[in-house]
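Welcome! Let us walk through this structure together, one region at a time.

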Amino acid sequence: HILIIFCSFSVFSKDFTLSKVASLSKPWGMSFISDTEIIVTERTGKIKLINLKNGSVSEIAHNLNYMTRGQGGLFDIIFRDGYTWVSYTEKLGTLRYGTSVARGKFNRIEINFKNIFQQNSANNSSQHFGGRLLLDGNHLFLTVGERGLGRVAQDPKKHPGSIIRIELDGSIPDDNPHFVNNVNWDPAVYQIGVRNPQGMTKSPYSNEIFISNHGAMGGDWIGGIEKGGNFGWNLLGWGGVNYNGSQIGPKWKEGFSRPLKYWTPSIGVSAIAFYTGTEFQEWNNNILVASLKDKSLRLIRNLTSNNILEEIIFVGLIERIRDIEIQENTGKIFLLSEKYFSETG
């Protein structure tokens with residue numbers, strides 16, 4: 001059993017406190033239901049509801065056909081207007097798995113989900129599922145990892161290694177790249193060339209959407225998504241090398257989407273979130289970055305400028321950080337933390 005720490009900040013950035021709210025098992029994603037309730041996924045397959053007033057944890061039954069092999073399981077979850085969206089690993093045939101998204105009407109006892117997206121090109125890999133969700137108006141964005149298969153991320157007909165954009169009910173927007181000038185792309189694919197993106201956030205100031213992405217040995221990054229763009233994996237190595245030390249490709253070259261911030265060596269970048277609130281007013285308009293590998297929380301200032309500044313808020317005070325949410329009415333920061341066993345994230 002893995003002890004999970006669910007934390008919040010208070011006071012000021014230089015004088016914060018970490019408070020344990022609840023214990024969970026391999027939590028991955030969370031979303032506020034109200035000021036006093038948070039819904040959380042556990043990668044082991046459970047959905048939990050946490051009461052912030054008294055710290056009680058209850059389980060919500062569900063009907064998801066999930067699989068927990070390797071890095072698979074339940075991933076992100078979002079609540080809005082009485083509905084919940086969840087990403088997860090689904091078994092899609094004999095020894096074939098993929099990243100799926102389901103939607104269901106929120107209920108504190110049981111949620112009846114219906115799939116609205118299934119990854120095509122399912123395979124038997126148990127790694128690099130991606131799985132981060134973001135709602136943007138009437139659109140839903142999903143990150144899909146390349147499942148450790150490398151060059152598949154350059155095939156726009158296949159979902160692995162891509163950013164997916166669909167409507168809230170799973171239908172396909174008529175202005176996706178397929179319908180505009182890239183008819184050879186799968187209709188749901190918005191951008192290609194990613195490896196294992198596990199963070200996504202929208203700027204409340206510019207409305208741009210940014211993702212974080214795992215490199216191999218080195219080459220983690222944050223970058224802005226763009227319709228029809230290609231981040232280059234694995235033609236590009238983003239400054240990293242393969243695990244056997246062999247070269248992948250250049251850090252970047254003309255014609256590809258360009259990350260804004262790189263990390264070499266890797267930090268195991270996971271969730272990212274623009275900070276908005278009064279609790280840490282000096283952090284407004286900047287991005288919080290969670291790390292799995294070095295168990296750190298970081299702040300990136302001026303991400304889209306030529307003067308990017310990085311501040312490490314803490315390292316190693318809690319375990320690997322999977323998700324970040326900001327409480328709207330207070331500006332307090334909530335973190336999902338998990339202990340590390342054998343998975344690589």
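Which residues make a nonpolar surface patch of about 260 Å²? The patch is made by I172, F179 and V180. Keep in mind as you look around that this is a predicted model. V180 belongs to helix α1, which covers residues 177-180. With a relative accessible area of 48%, V180 is partly exposed.

From the patch, let us turn to the strands. An open sheet of five strands runs in the order β5-β6-β7-β8-β12, and its pairing is mixed. At the edges sit β5 (27-34) and β12 (110-111), each of which pairs on one side only. Inside this sheet, strand β7 (residues 47-51) and strand β8 (residues 57-62) are antiparallel partners over four bridges. If you look for K48, you will find that its bridge partner in β8 is E59.

E59 has a second partner to show you, since its side chain meets that of K46 in a salt bridge (3.9 Å, N to O). K46 is in the loop between β6 (37-42) and β7, while E59 is in strand β8, so this pair ties together parts that are 13 residues apart in sequence. How accessible are the two residues? K46 is partly exposed at 37% relative accessibility, and E59 is partly exposed with a relative accessible area of 45%.

That salt bridge has company: the structure holds 16 salt bridges. Let us visit E310 next. K261 forms a salt bridge with E310, and their closest N and O atoms are 2.9 Å apart. Because K261 lies in strand β21 and E310 in strand β25, the pair ties together parts that are 49 residues apart in sequence. K261 counts as buried at 15% relative accessibility, whereas E310 counts as partly exposed at 32%.

The side chain of E310 also meets that of R298 in a salt bridge (2.6 Å, N to O). Here R298 comes from strand β24 and E310 from strand β25, so the parts tied together are twelve residues apart in sequence. R298 is buried, with 7% relative accessibility. Through salt bridges that share partners, K261, D294, R298 and E310 are joined into one network.

Now for a pair of strands that make a hairpin. β26 and β27 form it with six residues between them, and in the turn G331 has a positive phi of about 80°. Strand β26 (residues 320-326) pairs with β27 in the antiparallel sense over six bridges. One place to see this is I324, which stands opposite L335 in β27. Is β27 enclosed or open? Six of the six residues of this strand (residues 333-338) are buried, so β27 is largely enclosed by the rest of the structure. Its side chains point in two directions: I333, L335 and S337 one way, and F334, L336 and E338 the other way, and all of them are buried.

Another buried residue worth a stop is V269. V269 sits in strand β22 and has a relative accessibility of 0%. Which residues does V269 touch, leaving aside its neighbours within four places in sequence? Its contacts are S212, N213, H214, D220, W221, W263, V289 and A290. V269 and G215 are 54 residues apart in sequence, and their C-alpha atoms are 9.1 Å apart in space.

Finally, let us look at some details of the backbone. Most residues other than glycine have a negative phi, and most peptide bonds are trans. H128 is not a glycine, yet its phi is positive, at about 55°. H128 lies in the loop between β13 (114-118) and β14 (133-136), and is buried, with a relative accessible area of 7%. N302 is not a glycine either, and has a positive phi of about 60°. You will find N302 in the loop between β24 (296-301) and β25 (309-315), where N302 is partly exposed with a relative accessible area of 34%.

Where are cis peptide bonds found? One joins W233 and N234, with omega at about -5°. N234 is in the loop between β20 (220-224) and β21 (261-263). Another leads from T264 to P265, with omega near 5°. P265 has its place in the loop between β21 and β22 (269-274).

Definitions and conventions
Residues numbered from 1 in each chain as written. Predicted model: local features only at pLDDT ≥ 70, side-chain atom pairs only at ≥ 80, totals over all residues. Heavy atoms only, no water. Patch = residues over 30% accessible without salt bridge, like charges linked within 9 Å, V, L, I, M, F, W, Y side chains within 5 Å. Areas by Shrake-Rupley, 256 points an atom, 1.4 Å probe, with all protein chains shown as cover. Salt bridge = Lys/Arg side-chain N within 4 Å of Asp/Glu carboxyl O. Buried < 20%, exposed > 50% of the residue type's maximum accessible area, 1.4 Å probe, protein only. Pairing = 2+ DSSP bridges. Contact = heavy atoms within 4.5 Å.
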